[in-house]
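Please walk me through this structure, taking the metal sites, the remaining ligand and the nonpolar cores in turn.

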Amino acid sequence: MRCRFCRTRSVEVFLRMYNLPLCRDHFISFFYKRIRETIEKYKMFGLEDKVVVAVSGGKDSLALALALKDLGYSVIGYFLDLGIPEGSAFARETVIRFGEKFSIPVHVEELRSVFGYSLVQISEIMRRPACSFCGTLKRYYMNRFARSIGADVLCTGHTMFDEATVLFSNVLQWKEEYLFRQLPVLPEEQGLTKKAKPLAFITERETAIYCFFKGIDYLDLPCPLSSGAKSRRVKLRLLQLEEDSPGTINRFLKGFYSFKKKINFSSFNKEDIQPCRECGYPTTADRFCSVCRMKRKLSENVSRG
Ligand code: SF4
Ligand code: ZN
Ligand code: ZN
């Protein structure tokens, strides 16, 4: 079988979702084309913008950083070392090697240095799973870094099945506010840098193939602190649906975004946001943001012993 585009080279990838046999070069150009289309369709950013990509050491975020660089965008990687034993050190080495190999600047920060505690320490002191703090801290420090360098946009490597898993779970529970906020791009607002997910219509299989073709070494280990069994089960079910009928998840997600354009969400007025009195980060809470409140609780718990 020959590549659908050039009709001369042999096929290395078959994309069932598009019923498309591709050679290596045309897989890469088709991958780039869809990322560029997503960026343009959702007005995520332009070639003149400073783009921060949150890199974790996994295939999706590294693929995103290199794809954006190859597409001509000005990219800076950001890695937050959470201090996870048998996880963070490998991830950190991986992103540093990646940055050197592909000439992409990567800024590394340690949670313990900037916050005072590693994720494991927080989880132990607060006696709650690490995952319940992780997202809040990552968002806070990513945003803080993006603002410190005057970045125009902050990108994450969420892929189609990540997005569909969140959407499906929110629909199952009719979490209306979350549905209201789920979009591939969130505008800048009151101290929060604009956020974008340029891989929203790309699958993890595609990022893995892209990494293989481009020689990107990535970390392929689940986080040792993971407690996301439920979302993994939802994701596996969605993968099964896609397997049975290729293109289903793409249509599910795209259909949701175009449906959203037609509905009047005005009843979901934005909550009252104000700057945290301690650090200035936007918060809907009364005085302090969730990270400053977390810090206070930790020091209270530590001093109580
Ligand atoms: Fe953080 Fe939990 Fe993800 Fe590990 S699995 S990176 S602790 S959210
Ligand atoms: Zn080809
Ligand atoms: Zn604060």
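The paragraphs below take up the two zinc sites, then ligand 1, then the cores.

This is a predicted model, in which local features need pLDDT of at least 70 and side-chain atom pairs count only at pLDDT 80 or more, while totals for chains, interfaces and linings use all residues. Residues are numbered from 1 along each chain as its sequence is written, chains are lettered from A and ligands numbered from 1 in the order in which they are written, and side-chain values use heavy atoms, with hydrogens and water left out.

The zinc ion (ligand 2) has as protein donors Cys-3 (SG), Cys-6 (SG), Cys-23 (SG) and His-26 (ND1), at 2.2 to 2.3 Å. Donors are N, O and S atoms within 2.8 Å of the metal (3.2 Å for Na, K and Ca); water is not among the atoms, so sites may look incomplete. The angles among the four donor atoms are 97 to 119°, and the site is tetrahedral, a label given to four donors if all angles lie between 85 and 135 degrees. Along the chain the donors follow the spacing C-x2-C-x16-C-x2-H. Cys-3, in the segment before β1 (13–15), and Cys-23, in the loop between β2 (20–22) and α1 (24–41), are 20 residues apart and link distant parts of the chain. Helices (H or I, at least four residues) and strands (E, at least two) are DSSP runs, numbered from the N terminus. Cys-3 is buried at 0% relative accessible area, and Cys-23 is buried at 1%; buried means under 20%, exposed over 50% and partly exposed in between (1.4 Å probe, protein chains only).

The zinc ion (ligand 3) is held by Cys-276 (SG), Cys-279 (SG), Cys-289 (SG) and Cys-292 (SG) at 2.3 Å. This site is also tetrahedral, with angles of 108 to 114°, and its donors have the spacing C-x2-C-x9-C-x2-C. Cys-279 is partly exposed at 35% relative accessibility, whereas Cys-289 is buried at 1%.

Ligand 1 is surrounded by Leu-119, Cys-131, Cys-134, Lys-138, Cys-223, Leu-225 and Ser-226, each with a heavy atom within 4 Å of the ligand. Helix α6 (residues 131–148) gives the largest share of this shell, three residues.

The largest nonpolar core has 60 residues, and Phe-27, Ile-35, Phe-45, Val-53, Leu-68, Cys-155 and Tyr-210 touch the most other members. Such a core is a set of buried Ala, Val, Leu, Ile, Met, Phe, Trp, Tyr and Cys residues joined through side-chain atoms within 4.5 Å. A second, separate core of 33 residues includes Val-52, Leu-111, Ala-151 and Phe-288.

How values were computed. Four donors count as tetrahedral if all angles lie between 85 and 135 degrees; four count as square planar and six as octahedral if opposite donors are over 155 degrees apart and all others between 65 and 115; anything else is irregular.
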